[in-house]
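Please examine the model below with attention to its charged side chains and its nonpolar packing. The explanation starts from a pair of charged residues and widens to the chain as a whole.

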Amino acid sequence: MVFCLENEEPRLPLRSAMVHFQASEVQQLLHNKFVVILGDSIQRAVYKDLVLLLQRDSLLTAAQLKAKGELSFEQDQLVAGGQLGELHNGTQYREVRQFCSGSGHHLVRFYFLTRVYSEYLEGVLEELTYGPAPDLVIINSCLWDLSRYGRCSMESYRENLERVFVRMDQVLPDSCLLVWNMAMPLGERVTGGFLLPEMLHFLTQLQPLAGSLRRDVVEGNFYSATLAGDHCFDVLDLHFHFRHAVQHRHRDGVHWDQHAHRHLSHLLLTHVADAWGVELPKRDYPSGQPFPPHEFFNYNSTEDFSMSSHLGCGPGVNFVPGPLPPPVPGPIPHGQHRGPVVHRGMPRCAPNSPYHVPRMGGPCRQRLRHSDRLIHTNKLDRQPPAHSGTWPG
């Protein structure tokens, strides 16, 4: 994970490693690939921006970001739910979308989730089992899980995270790259449509309750990233990357504008390219584009993405939701983190890829099944230490 260090100079997020993709490069990267995106309205916007970027170099409009359940978006098709059923904000809302490029070389599908693991997700996994095998799965579910399922939502969320990663491990082929998108930072006032009317009233009237949900998201991110790493899945820490991009967050405290989502797409595609061993072009950011790196973040060392000090996550307060290393003594300045912020599982193989660049200069390895890892770990525990005494030098 990402930890804070004492007496470290404030620094901006590393942006030099991120590539600003053009549509032609996205088409090449995802050539003959089946991409599946699962999650809430944030992940639906991830799907929409990717679909748009596969066709041309332009940004989503505000109306496209706000729309849900429409019959068609940028040559895609509503497969189930949405306007084919009933539009509502309940936990039974469904929306399945799919985009297939005119060339037939790009397939992107989106499933709306209101819970990270459920009977509905089992149905989705069954579709993926008997249909074409996905090459890339992008998934997140957090806000609905923590706000719509009772007082024990965090405990249920942790249990469901373990279930979903076990099932993904069982269902997805070893060559499939799964990226867990961590939840993005919430605003101080939350008025998103996923909230029940009575909860929305409390969150808008009582600031401590709004802060509690923000803190729950941080805790939920910790558990989801830890469990994803335990199963050798990749994790993209969007909470970290967007902690100082609050000017691109909508007034509802939950959703983000088109510039933020294009930035997110660049981060995600850079991660995918690296996991597949693809060498990306190195170029200076062109002038006149939507969000030059030096303007995207409004960095302020006194501003933080998470909570005020009276909510238990400010300077000098150690927020430890699980088995973290011992905290560093003394106050912890905001916005000071120890990288890396993109956590990687084991390298995946990418058969039938248009690229033939081996990752890290050597052959890529297959992802071990969870059961195989347990057997392998048990064998290692029984072996004597490989070395005793001191190493030379």
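In this predicted model, aspartate 76 and arginine 97 meet through their side chains in a salt bridge, with an N to O distance of 2.8 Å. Aspartate 76 belongs to the loop between helix 3 and strand 2, whereas arginine 97 belongs to strand 3, so the salt bridge ties together parts that are 21 residues apart in sequence. Neither end of the pair is exposed to any extent that would change its class: aspartate 76 has a relative accessibility of 5% and therefore counts as buried, the cut-off being under 20%. Arginine 97 has a relative accessible area of 0% and is therefore buried by that criterion.

Arginine 97 has further acidic partners. Its side chain meets that of glutamate 95 in a salt bridge of 3.1 Å, N to O, and glutamate 95 is buried, as is arginine 97. Arginine 97 also forms a salt bridge with glutamate 70, where the closest N and O atoms are 3.8 Å apart. This pair links distant parts of the chain, 27 residues apart: glutamate 70 is in the loop between helix 3 (62-66) and strand 2 (77-81), and arginine 97 is in strand 3 (residues 95-100). Both glutamate 70 and arginine 97 are buried. Through shared partners, salt bridges connect Arg44, Lys48, Glu70, Asp76, Glu95 and Arg97 into one network. The structure holds eight salt bridges.

Lysine 48, a member of this network, lies in helix 2 (residues 41-53). Is lysine 48 buried or exposed? Its relative accessible area is 1%, which means that lysine 48 is buried. A polar contact of 2.8 Å joins its side chain to that of glutamate 70. Leaving aside residues up to four places away in sequence, lysine 48 touches Leu60, Gln64, Ala67, Glu70 and Phe73.

The nonpolar packing can be considered next. In soluble globular proteins, nonpolar side chains tend to be buried together. The largest nonpolar core here has 46 residues, among which Leu30, Ile37, Val108 and Phe242 touch the most other members. At least two residues of this core come from each of helix 1 (23-29), strand 1 (33-39), helix 2, strand 4 (106-112), strand 5 (136-139), strand 6 (177-181) and helix 10 (258-275). Isoleucine 37, beyond residues up to four places away in sequence, touches Gln43, Val46, Tyr47, Leu50, Val108, Arg109, Phe110, Tyr111 and Ile138. A second, separate core comprises 42 residues, including Met168, Leu186, Leu213 and Phe222.

At the level of the whole chain, there are twelve helices and eight strands. The chain has 393 residues, of which 49% count as buried. Among contacts with a separation of 6 or more, 75% are between residues 24 or more positions apart. The accessible surface comes to about 18900 Å², and carbon and sulfur atoms account for 53% of that area.

Finally, the confidence of the prediction varies along the chain. The average pLDDT is 75, and 62% of the residues score at least 70. Over residues 1-16 the pLDDT stays under 50, and the model has 44 contacts beyond four places in sequence for this stretch. Residues 287-294 also have a pLDDT below 50, with 14 contacts in the model beyond near neighbours in sequence.

Conventions. Residues are numbered from 1 along each chain as its sequence is written. This is a predicted model: local features need pLDDT of at least 70, side-chain atom pairs count only at pLDDT 80 or more; totals for chains, interfaces and linings use all residues. Side-chain values use heavy atoms; hydrogens and water are left out. Helices (H or I, at least four residues) and strands (E, at least two) are DSSP runs, numbered from the N terminus. Buried means under 20% relative accessible area, exposed over 50%, partly exposed in between (1.4 Å probe, protein chains only). A polar contact is a pair of N or O atoms within 3.5 Å; within protein, one must be able to donate a hydrogen and the other to accept it, and residues adjacent in sequence count only if both atoms are side-chain atoms. Contact means heavy atoms within 4.5 Å. Accessible areas come from the Shrake-Rupley method with a 1.4 Å probe; for residues, only the protein chains shown count as cover. A nonpolar core is a set of buried Ala, Val, Leu, Ile, Met, Phe, Trp, Tyr and Cys residues joined through side-chain atoms within 4.5 Å. pLDDT is the predictor's confidence in each residue, from 0 to 100. A salt bridge is a side-chain nitrogen of Lys or Arg within 4 Å of a carboxyl oxygen of Asp or Glu.
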